[in-house]
Amino acid sequence: MTHVPTASRRDSRDHREPGEVFGPGFSLFADVLLVGLLTTAACLPIVTAPAAFAAASATLRQTADHGVQVRAGTYVGHLRALMTARVLAAGCVPPLLALVVLIDAALLRSSLPGAAVMSPALALLTLGATVVGLRATALGAPHRLSAREGFLRSAVDPRGSLLLAGAVLLSVVLAWSIPLLTPLLPGPLAFAATVVELRSGSDRS
């Protein structure tokens, strides 16, 4: 039986790319946090939220494909390319849906008949819509930001959708328990959506 020298294993584990100080794992963690902050800032006008998440996914996808470090300029470049009239019009849909959900939730709290059944149904519907939206933002060309394609992939890849739903629920719990983390959460969500899309793409191939 041959044994790999301990020094060789240590060298491969501790390999540093040019400019890396803490290793690839820490660099990925820092990249996701940077993308999270940039996405939060880009989401402030509200209607830019789909473009912001799509830019985050495109930036992370570029990092995965080419191994380049995430930079603010790269994210801004993707964001500018996505700032079209169609995308900004689509950005009006999430706040409208959120308003409808809030109105329905208020009605359910007013002791209407069937509230015990409709409350879980509304929560599941909201979670499902969030998963479809995130999958749509993680799509590459030519289906980028296609709600129809996001819905189809969510249905065809239920395992990936469940994984992404878990990421959404975890983000909600973190935002509720530690509000200071909220500006960072879009990064992990975009990362999860991108990984699920890349995984499903490799599964189909």
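This is a short dialogue about reading the predicted model shown above.

Me: Where do I start, and how many helices and strands does the protein have?

Reply: Start with the secondary structure. Here the protein has 10 helices and zero strands, so reading from the N terminus you meet α-α-α-α-α-α-α-α-α-α. Remember as you go that this is a predicted model.

Me: What share of the residues is buried?

Reply: Of the 205 residues in the protein, 33% are buried. You can look at the outside as well: the accessible surface is about 12500 Å², and carbon and sulfur atoms account for 71% of that.

Me: How should I think about the inside?

Reply: Here is the general idea: in soluble globular proteins, nonpolar side chains tend to be buried together. In this structure, the largest nonpolar core has 30 residues. Those with the most contacts inside this core are Phe-53, Tyr-75, Leu-79, Leu-82, Leu-134, Leu-164 and Leu-189.

Me: Which helices supply residues to this core?

Reply: At least two residues each come from α2 (24–42), α3 (49–66), α4 (72–82), α7 (115–137), α9 (158–177) and α10 (186–204). The helix that gives the most is α3, with eight residues.

Me: Could we follow one core residue? What does Leu-189 touch?

Reply: Leaving aside residues up to four places away in sequence, Leu-189 touches Phe-53, Leu-134, Leu-164, Ala-167, Val-168 and Ser-171. You can also ask about contacts across the whole protein: of those with a separation of 6 or more, 63% are between residues 24 or more positions apart.

Me: How do I describe two helices that pack together, such as α3 and α4?

Reply: Look at the angle and at the distance between the axes. For α3 and α4 the angle is about 130°, and their axes are 8 Å apart. An angle between 115 and 145 degrees counts as oblique, which means α3 is oblique to α4. Their crossing is right-handed.

Me: Which residues meet where α3 and α4 pack?

Reply: From α3 come Ala-51, Ala-52, Ala-54, Ala-55, Ala-56, Ala-58, Thr-59 and Gln-62. They meet Thr-74, Tyr-75, His-78, Leu-79 and Leu-82 in α4. Tyr-75, Leu-79 and Leu-82 are also among the residues with the most contacts inside the core.

Me: What about a loop residue: is Thr-48 buried or exposed?

Reply: Thr-48 lies in the loop between α2 and α3. Its relative accessibility is 7%, and the cut-off for buried is under 20%, so Thr-48 counts as buried. Apart from residues up to four places away in sequence, Thr-48 touches Ala-42, Cys-43, Met-83 and Leu-88.

Conventions
Residues numbered from 1 in each chain as written. Predicted model: local features only at pLDDT ≥ 70, side-chain atom pairs only at ≥ 80, totals over all residues. Heavy atoms only, no water. Helix = DSSP H or I, 4+ residues; strand = E, 2+ residues; numbered from the N terminus. Buried < 20%, exposed > 50% of the residue type's maximum accessible area, 1.4 Å probe, protein only. Contact = heavy atoms within 4.5 Å. Areas by Shrake-Rupley, 256 points an atom, 1.4 Å probe, with all protein chains shown as cover. Core = buried A, V, L, I, M, F, W, Y, C linked by side-chain atoms within 4.5 Å. Axes fitted to C-alpha atoms, helices over the stretch in contact; angles between N-to-C directions. Parallel < 35°, antiparallel > 145°, perpendicular 65-115°, else oblique. Left-handed = near helix turned anticlockwise from the far one by under 90°.
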